[in-house]
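Work through these exercises with the model open beside you. Try each task before reading its solution.

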Amino acid sequence: MADNSKPVSSLSGDDRIKLLNTNALRVLKSVGREAYIPLVQQASQSTNGKVQPWELVATFFRESHFDPNAKSKSSTASGLGQILSGTQKGLGITNPFDPMQAIMGSAKYISQLKAENGDDPLTAQKSYAVGAGGYRRYLKGDPTVKGTDQFAGVEKKWNQALAALESGY
């Protein structure tokens with residue numbers, strides 16, 4: 001079992017993952033979203049652990065600050081995961097404001113993006129921010145991909161979410 005008295009950064013491997021996951025579930029409780037805990041756990045299990053609970057919680061922190069009714073002002077993204085409407089259908093999301101659909105769909109999407117991007121959570125988040133197709137075009141040097149100027153902000157928010165999880169929020 002992970003020792004909660006140690007800084008997460010001093011832990012490695014499974015101990016770090018366990019502590020991040022424990023803290024992620026604490027964060028959900030502390031922000032009044034304890035009903036999401038079993039959904040996040042189920043979503044992680046649905047990916048065979050390829051997407052950990054902490055990754056989902058950090059994504060929802062970064063994307064919507066845990067607001068299931070969030071709507072983007074600049075795109076068709078909505079719900080907890082702020083997934084674009086064109087992507088939602090392929091993930092089985094018919095109602096992006098339904099937390100279960102949003103959590104399960106986000107887990108599936110992150111799993112796909114990690115598989116495409118060497119299993120790196122931060123790279124998957126950059127792809128998540130501009131869409132998988134946009135990220136592939138960006139990697140090929142397409143300067144017309146919208147949102148790549150936000151990668152520094154994505155990385156900053158991801159690191160803030162990770163720091164919150166490391167500290168237990």
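**Exercise 1.** Which residue follows helix 5, and what is its phi?

Solution. G118 follows helix 5. Its phi is positive, near 65 degrees. Helices here are DSSP runs of H or I with at least four residues, strands are E runs of at least two, and both are numbered from the N terminus.

A note on the source: this is a predicted model, where local features need pLDDT of at least 70, side-chain atom pairs count only at pLDDT 80 or more, and totals for chains, interfaces and linings use all residues. Residues are numbered from 1 along each chain as its sequence is written, and side-chain values use heavy atoms, with hydrogens and water left out.

**Exercise 2.** Check the span of helix 5 against its 18 residues.

Solution. Helix 5 covers residues 99–116. The rule is 1.5 Å times one less than the number of residues. That gives an expected 26 Å. The end C-alpha atoms are 25 Å apart, which agrees.

**Exercise 3.** Find the buried residues of helix 5 and what covers them.

Solution. Buried means under 20% relative accessible area, exposed over 50%, and partly exposed in between (1.4 Å probe, protein chains only). The buried residues of helix 5 include A102, I103, Y109 and L113. Their cover includes helix 2 (37–46), helix 3 (53–64) and helix 4 (85–88). Helix 6 (121–130) and helix 7 (132–139) are also part of the cover.

**Exercise 4.** Place A102 in its surroundings.

Solution. Start with burial: A102, in helix 5, has 5% relative accessibility, so A102 counts as buried. Next, contacts (heavy atoms within 4.5 Å). Leaving out residues up to four places away in sequence, A102 touches F60, L80 and P96. Last, a distance: A102 and N69 are 33 residues apart along the chain, and their C-alpha atoms are separated by 11 Å.

**Exercise 5.** Is K126 buried or exposed?

Solution. K126 sits in helix 6. Its relative accessibility is 19%, so K126 counts as buried. Beyond residues up to four places away in sequence, K126 touches Y135, F151, V154 and E155.

**Exercise 6.** Test the whole chain against the globule rule.

Solution. First, the inventory: eight helices and zero strands. The rule is 2.2 Å times the number of residues to the power 0.38, with the radius of gyration taken over C-alpha atoms. For 169 residues, a compact globule would have a radius near 15 Å. The chain has 15 Å, which agrees. Its C-alpha atoms fill a box of roughly 45 × 35 × 30 Å along the principal axes. Buried residues make up 45% of the chain.
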